[in-house]
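Hi,

Here is the structure I promised to pass on to you. Please open it alongside this message, and then read on for what turned up.

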Amino acid sequence: LKDDAGNGFRTATPLELGHTIAASVEQPRDVDVFAVTLKAGRPFVAETLSARRGSPCDPHLTLFDARGRTLKSNDDHAGTRDARLEFTPPTDWVYYLSLLEAHDRGQESFRYLLHVEQK
């Protein structure tokens, strides 16, 4: 994935379930936005790996519906700075997942891996 992931719903980067992408928060206040198509009733999981890989990035994940309403968010999970978000969608739809650095920091070294899947 290019490091210029979408910065809003209209320019969201499509994200395939079952895949892991590598990117970075390149500048302060940068927000990466991904579009993911989910099926109703099937648990969705999005998880970051950055702190556990030595990156200074402290990722924060938020899931939105198509109207921009916040459905779920997570900053730190299981005693790490990495984020893990779990959500069971009520309808088949395109949802939007944003990733930002929790302290609004960023530069090329603020790398992260993002894995998404639906069971």
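Below I go through the strands and then the aromatic residues.

First, please keep in mind that this is a predicted model.

**The four-stranded sheet**

Let's begin with an open sheet of four strands, whose order is 2-9-4-7 and whose pairing is antiparallel. The edges are taken by strand 2 (19–24) and strand 7 (84–87); each has a single partner strand, so one side of each is left without a neighbour in the sheet. On average, neighbouring strands here are turned by 15° against each other, direction ignored.

If you want to walk across the sheet, start at strand 2, which pairs with strand 9 (residues 111–118) in the antiparallel sense over six bridges. A22 has L113 in strand 9 as its bridge partner. Strand 9 also pairs with strand 4, again antiparallel and over six bridges, and there A46 has V116 of strand 9 as its bridge partner. The walk ends with strand 4 (residues 44–49) and strand 7, an antiparallel pairing over four bridges. A handy place to look is F44, which stands opposite F87 in strand 7.

**Strand 3 and its partners**

Is strand 3 (residues 31–38) largely enclosed or largely open? Six of its eight residues are buried, so the rest of the structure largely encloses this strand. Strand 3 pairs with strand 1 in the parallel sense over two bridges, with P14 and A35 as bridge partners. Strand 3 is also joined to strand 8 by eight bridges, and these two run antiparallel. In that pairing, V31 stands opposite L100 of strand 8.

**The aromatic residues**

How many aromatic pairs are there? The count comes to three. In one pair, the ring centres of F9 and Y96 are 4.4 Å apart and the planes are at 15°; planes under 30 degrees apart count as stacked, so this pair is stacked. F9 lies in the segment before strand 1 (13–14), while Y96 belongs to strand 8 (residues 93–101), so the pair ties together parts that are 87 residues apart in sequence.

The two residues also differ in burial class: F9 is partly exposed, with a relative accessible area of 31%, whereas Y96 is buried, at 15%. Together with F64, F9 and Y96 form one aromatic cluster.

Happy to look through any of this with you.

Best wishes

Conventions
Residues are numbered from 1 along each chain as its sequence is written. This is a predicted model: local features need pLDDT of at least 70, side-chain atom pairs count only at pLDDT 80 or more; totals for chains, interfaces and linings use all residues. Side-chain values use heavy atoms; hydrogens and water are left out. Two strands pair if DSSP finds at least two bridges between them. Axes are lines fitted to C-alpha atoms, for helices over the stretch in contact, and angles run from 0 to 180 degrees between N-to-C directions. Rings of Phe, Tyr and Trp (its six-membered ring) pair if their centres lie within 6.5 Å; planes under 30 degrees apart count as stacked, over 60 as edge-to-face and the rest as tilted. Buried means under 20% relative accessible area, exposed over 50%, partly exposed in between (1.4 Å probe, protein chains only).
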